[in-house]
Amino acid sequence: MRPENYEAQRQPPSHEYELNIGPNHPGIEGNYAFKLRLHGDRVIEGRADAGYLHRGFEKLMEGRLWIQNLAITPRICVPDPVPMEVSYCLAVEDLCGLEVPKRAQYLRVLQLELSRLASHLFTFGGHAATTGMYSPSFWGVADRDLILDLFEELCGGRVYHIYNIPGGVRRDAPAGWIERVSDTVDYLETRLPDYDNLLFKNQVFVKRARDIGIISQEQALDWAVTGPNLRATGLAFDVRRDDPYLVYDELDFDIPTEHAGDAWARALVRRKELFESIKIVRQVLAKLTDIHGPIRCPIPNPLAWNVPAGSTFTRVESSKGELSWYVVSNGGERPYRTHVRGPSQMHAVQVLERLAVGARIEDVAQIMFSLDACPPEVDR
Amino acid sequence: MSDEKYETIDHKDPGGILAPLKNLQFFGRKPVTEPLEPRPASANYRGFHLNDWEACVGCSTCQKVCDNAAITMVEVPGLPEDPAKGIRNLRPAIDYGRCCWCALCVDLCPTGSISLSREYVHTCTDPELDSYFMLPDSNGIHGVAYDKGWAKHDESDMVSHDRTRMAEMAPEARVGSFAEIVAGYDANQAIIEASRCVQCGMCHDACPTHMHAPEYIRALWRGDAEEAVREIYRTNPFAHTCGRVCTHRCEIACSVGHRGEPIAIRWLKRYAMDAVSPERVKQIAAEDKQTSPSGKKIAIIGAGPAGLTAAFDLAKASHEVKVFEAMGAAGGMTRYGIPYYRLPADKLDDDVAVIQSVGVDIQYNTRVGSDISMDQLRDEYDAVVIAVGLWIGRSTRVKGSDADGVYRAVNLLRQIADGNRIPVPRRAVIIGGGNVAMDISRTLARLQKQKHGKVAITLTALEDLDHFLADPEEIKEAGEEGVEILDARGPQEVLKDSRGRATGLRTLKVSSIFDEKGRFAPKYDETDEIVHEGDMIVEAIGQSADVNLLGEALTEELEWVRGRLSVDDNLRTSVDWLWAAGDMVRGPDVVSAVADGHKVAASINEHLSIREKAA
């Protein structure tokens with residue numbers, strides 16, 4: 001007997017289904033879930049599901065001394081920690097009116113570029129892996145390790161450097177380090193043709209990456225896309241050149257662009273940036289042999305340090321895009337408010353959700369990695 | 001490779017299948033895989049902690065700066081503990097579940113004892129989670145002495161080593177007057193100096209009266225001088241005085257002083273007191289005064305730091321307190337012993353006025369023993385405190401020391417403080433190496449400068465310069481002002497002319513002061529003799545208490561130890577209504593006297609409350 005009000009429960013059409021990617025998966029450098037609704041192999045809808053790495057950094061920082069926050073900042077973006085440290089320090093320096101000595105500024109640029117190199121090596125290795133090619137990721141990670149060795153020697157920490165402090169850097173480069181950086185970038189440069197052969201001239205990769213996850217320049221500007229992802233749509237915007245900080249205005253480098261806005265274009269931009277970073281590193285190394293002097297300006301006792309009241313906004317170009325800090329001080333020993341506006345949140349949420357629609361399921365991981373988002377920075 | 005040579009790849013370039021095959025050549029190359037043997041960490045490595053327990057003083061600054069609350073100070077029994085030197089038996093233990101190896105503990109360590117090592121492997125075999133909680137010593141956490149990694153380094157050191165300088169009169173200018181030598185901090189200097197403090201509290205432990213120095217330094221750093229005064233008055237009503245002439249044991253214990261200059265705690269106290277109006281200080285001092293009278297009466301003999309501190313506490317506890325003072329003004333030795341260039345009289349007046357404002361009644365020019373007897377006090381009051389200080393100068397009793405022109409330093413200083421004229425010698429010889437000797441030398445130097453236009457003073461002392469009892473800065477400043485300081489010289493004879501007037505002092509070089517058993521038995525080198533000419537010889541070799549006021553019967557009744565009144569831990573004498581405090585029972589310095597005053601007051605309060613309950 002069938003009751004009169006019986007109605008079959010409404011189910012999605014039988015040809016649609018849901019699929020959870022993550023939180024552990026090859027499409028991104030951390031824990032991050034992406035929920036897909038699919039029709040066959042086509043994505044109908046993608047929903048970013050962030051929060052697996054949420055540690056409440058911004059709130060934590062309100063409870064810690066200005067100096068103590070240095071240990072938190074690099075954790076906001078693990079693969080590219082230096083821009084986090086530097087931009088936080090720039091913010092505190094701006095509030096306090098501290099003048100960073102020239103040598104420290106060059107050391108900061110050097111770290112920023114080494115970090116960019118390390119991050120890009122990591123990213124295109126990961127990007128290749130999403131297309132089923134693992135050799136580039138092994139090579140990328142192995143060569144990135146050489147840069148981590150340099151960081152270890154500089155500051156004692158391979159990943160979380162905590163080397164920058166408001167006013168400069170904590171120590172000068174150890175003896176012989178400049179030469180070893182030079183040797184390492186020379187080596188990395190000899191590796192570029194190998195990478196080209198293995199990946200960028202590889203038909204398999206080119207075919208997989210081209211026309212995937214296309215972003216037009218208008219869309220990029222609407223969706224707040226920055227960094228290599230923006231430059232892959234043909235707009236040569238780079239904070240280092242367009243709003244210079246530290247000593248970038250004294251350095252000679254190009255802003256590589258591509259026009260197609262697809263995953264392949266994004267990979268090409270990063271490939272070219274590897275070379276530009278090597279160029280910058282060489283110029284900085286030459287400067288560092290000439291510029292001597294202090295590596296930080298005096299700061300008060302960190303346990304009794306009131307940063308003058310005010311607010312500041314600083315931005316730098318990280319390997320992933322424009323990274324900015326908004327820091328408010330009420331004149332106390334701790335920040336009143338800090339906010340990190342990183343590039344990854346835009347790339348991993350609003351951009352990714354739109355790009356996924358219409359993509360084939362096998363390309364989703366590639367689209368994610370080509371955007372080079374960093375989950376801990378999304379979650380913060 | 002130059003920019004031009006780096007091949008561009010066009011977006012339209014389709015790529016090939018041959019290019020990747022070029023990398024087949026890598027099959028012929030040596031693999032880059034890391035070898036399996038342990039890899040030594042870099043020279044700067046931030047691995048597990050090392051802590052040199054000999055150098056560590058347990059100040060807990062590492063714990064304060066730790067981002068993650070990973071450091072806990074734990075007591076290590078058996079390690080030395082000495083509050084006076086600023087040493088605690090606490091050492092940092094680290095929770096490696098929380099540590100992030102940022103090394104801020106290293107950069108902020110005042111002693112430089114803690115460092116990070118090049119050790120980076122720890123395998124936890126213990127199912128207990130707290131096996132990650134470890135107490136590193138100089139052999140690290142596993143007992144294997146790895147090399148230091150990130151250690152104390154001038155570049156990364158965040159401890160502020162240098163004191164904020166204050167304006168100070170040049171020696172030539174200051175010897176011409178009795179004006180105060182140092183100008184004191186201004187508001188900005190005080191904040192900067194206060195900001196150097198790491199809040200370890202060693203100063204609090206070392207201070208005889210346990211002043212809340214970390215709290216008032218913090219308040220000054222916040223720019224809140226009134227709060228600083230409130231913290232100061234919790235433990236010390238001689239705030240102006242101690243802000244100027246305290247022996248500052250706090251600064252000896254200061255942990256920042258291990259590698260740099262200690263925080264100028266005394267000058268900060270002085271700044272706080274000078275920054276707040278006397279009327280406001282009185283209000284703050286009276287804030288915790290009990291309002292309903294207790295009905296108890298307490299007599300205090302001697303209006304010096306010990307007596308007035310006890311009076312201050314007892315008056316705040318609403319007892320009726322009367323202080324009997326033989327002299328015409330209060331302050332005791334701080335007024336009649338310390339020259340104005342170190343402690344201006346008006347600042348001492350301010351301290352006394354605050355004490356009086358909480359209800360202390362001081363009866364001047366009243367000598368107990370002659371004007372009023374001890375028996376009367378015993379009968380009329382619930383408790384009596386004797387704090388008469390050390391007012392009798394000791395004599396060397398060398399041959400000729402009865403000559404005309406031989407003086408005791410305390411008597412001369414008292415005369416000057418009282419506004420009396422004293423004979424100003426053309427050439428003076430001082431015997432003694434303590435602060436009183438410096439005070440009289442420098443005072444006479446000023447008088448000589450005023451009267452004769454030049455300083456001619458020789459100071460001789462038994463001790464060698466490294467063992468002088470005077471503060472190093474006193475010795476330095478006396479030297480700057482033209483006092484000739486001769487150490488290790490023992491007085492033998494005061495030479496006199498036919499009319500019995502002193503003409504000089506004969507001294508011998510001291511070869512040793514104490515015998516093998518540590519008893520005072522100076523030995524001299526007879527071949528090294530000097531005659532120091534001088535028309536005034538001043539003895540400044542110590543003082544004793546004038547206890548005649550007690551009367552024969554009471555003196556007989558009381559217990560004495562080597563000429564000193566015997567007291568228990570609460571400073572109560574063997575007679576149940578009488579307490580004794582200050583220099584007469586302890587070593588001579590203001591802050592110890594203040595500490596005694598508090599102790600006596602607490603003991604009397606307790607005694608009175610027990611008596612009340614029993615009644």
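Colleague: Which strands does helix α11 of chain A lie across, and at what angle does the helix run to β3(A)?

Modeller: Happy to start there, bearing in mind that this is a predicted model. Helix α11 covers residues 343–356 of chain A. It lies across β2 and β3 of chain A, and its direction relative to β3(A) is about 170°.

Colleague: What is the strand order of the open sheet of three strands in chain A, and which strands stand at its edges?

Modeller: The order is β1-β2-β3 (chain A), with antiparallel pairing. An edge strand has a single partner, so one side of it is left without a neighbour in the sheet. The twist averages 20° from one strand to the next. The edge strands are β1 (16–21) and β3 (42–49) of chain A.

Colleague: How many bridges join β2 of chain A to β3(A), and which residue stands opposite Leu38(A)?

Modeller: Strand β2 of chain A spans residues 33–39 and runs antiparallel to β3(A), with seven bridges between the two. Opposite Leu38(A), in β3(A), is Val43(A).

Colleague: Which strands does helix α12 of chain A touch, and what angle does its direction make with that of β2(A)?

Modeller: Helix α12 of chain A, residues 361–371, packs on the sheet. The strands it touches are β1, β2 and β3 of chain A. With the direction of β2(A), the helix makes about 150°.

Colleague: Where does Val100(A) lie, and is this residue buried or exposed?

Modeller: Val100(A) sits in the loop between α2 (82–96) and α3 of chain A. A residue counts as buried when 20 or more other C-beta atoms lie within 10 Å of its own. Val100(A) has 23 within that distance, so this loop residue is buried.

Colleague: How many residues apart in sequence are Val100(A) and Arg296(A), and what is their C-alpha to C-alpha separation in space?

Modeller: Val100(A) is in contact with Cys297(A), and also with Gly167(A) and Gly168(A), among others. As for Arg296(A), 196 residues separate it from Val100(A) in sequence. In space, C-alpha to C-alpha, the two are apart by 6.2 Å.

Colleague: What are the radii of gyration of chain A and chain B?

Modeller: For the 380 residues of chain A, the globule rule gives 21 Å, and the chain has 22 Å, so it is as compact as a globular protein of that length. For chain B, a compact globule of 615 residues would have a radius near 25 Å. The C-alpha atoms of chain B fill a box of roughly 120 × 70 × 50 Å along the principal axes. The radii are 22 Å for chain A and, for chain B, 32 Å.

Colleague: How many residues does each chain bring to the contact, and which element of chain B gives the most?

Modeller: Chain B brings 42 residues and chain A brings 41. On the side of chain B that touches chain A, the elements giving two or more residues are α1 (19–22), α2 (61–65) and α3 (104–108) of chain B. That side divides into 23 nonpolar, 12 polar and seven charged residues. With three residues, the element that gives the most is α1(B).

Colleague: Which residues have the most contacts inside the largest nonpolar core, and which helix gives the most to this core?

Modeller: The core has 286 residues, and those with the most contacts inside it are Leu220(B) and Ala272(B). Beyond its neighbours within four places in sequence, Ala272(B) is in contact with Leu220(B) itself, and with others including Tyr216(B) and Ile232(B). The helix that gives the most, with 14 residues, is α3 (residues 102–130) of chain A.

Colleague: Why is helix α8 of chain B largely enclosed, and what covers its buried residues?

Modeller: Seven of the nine residues of α8(B), which spans 225–233, are buried, so the rest of the structure largely encloses this helix. Among the buried ones are Ala225(B), Arg230(B) and Glu231(B). The cover includes α7 (213–221), α9 (239–245), α11 (265–275) and α12 (278–285) of chain B.

Colleague: Which residue stands opposite Val429(B), and what is the order of the open sheet of five strands?

Modeller: Strands β12 (428–431) and β18 (536–539) of chain B pair in the parallel sense over four bridges, and Val429(B) stands opposite Ile537(B) in β18(B). The pairing in the sheet is parallel, and its order is β11-β18-β12-β13-β14 (chain B).

Notes. Residues numbered from 1 in each chain as written. Chains lettered and ligands numbered in written order. Predicted model: local features only at pLDDT ≥ 70, side-chain atom pairs only at ≥ 80, totals over all residues. Contact = placed C-beta atoms within 7 Å. Nonpolar A, V, L, I, M, F, W, Y, C, P; charged D, E, K, R; others polar. Rg over C-alpha atoms; globule rule 2.2 N^0.38 Å. Pairing = 2+ DSSP bridges. Axes fitted to C-alpha atoms, helices over the stretch in contact; angles between N-to-C directions. Core = buried A, V, L, I, M, F, W, Y, C linked by C-beta atoms within 7 Å. Buried ≥ 20, exposed ≤ 12 C-beta atoms within 10 Å, placed from the backbone.
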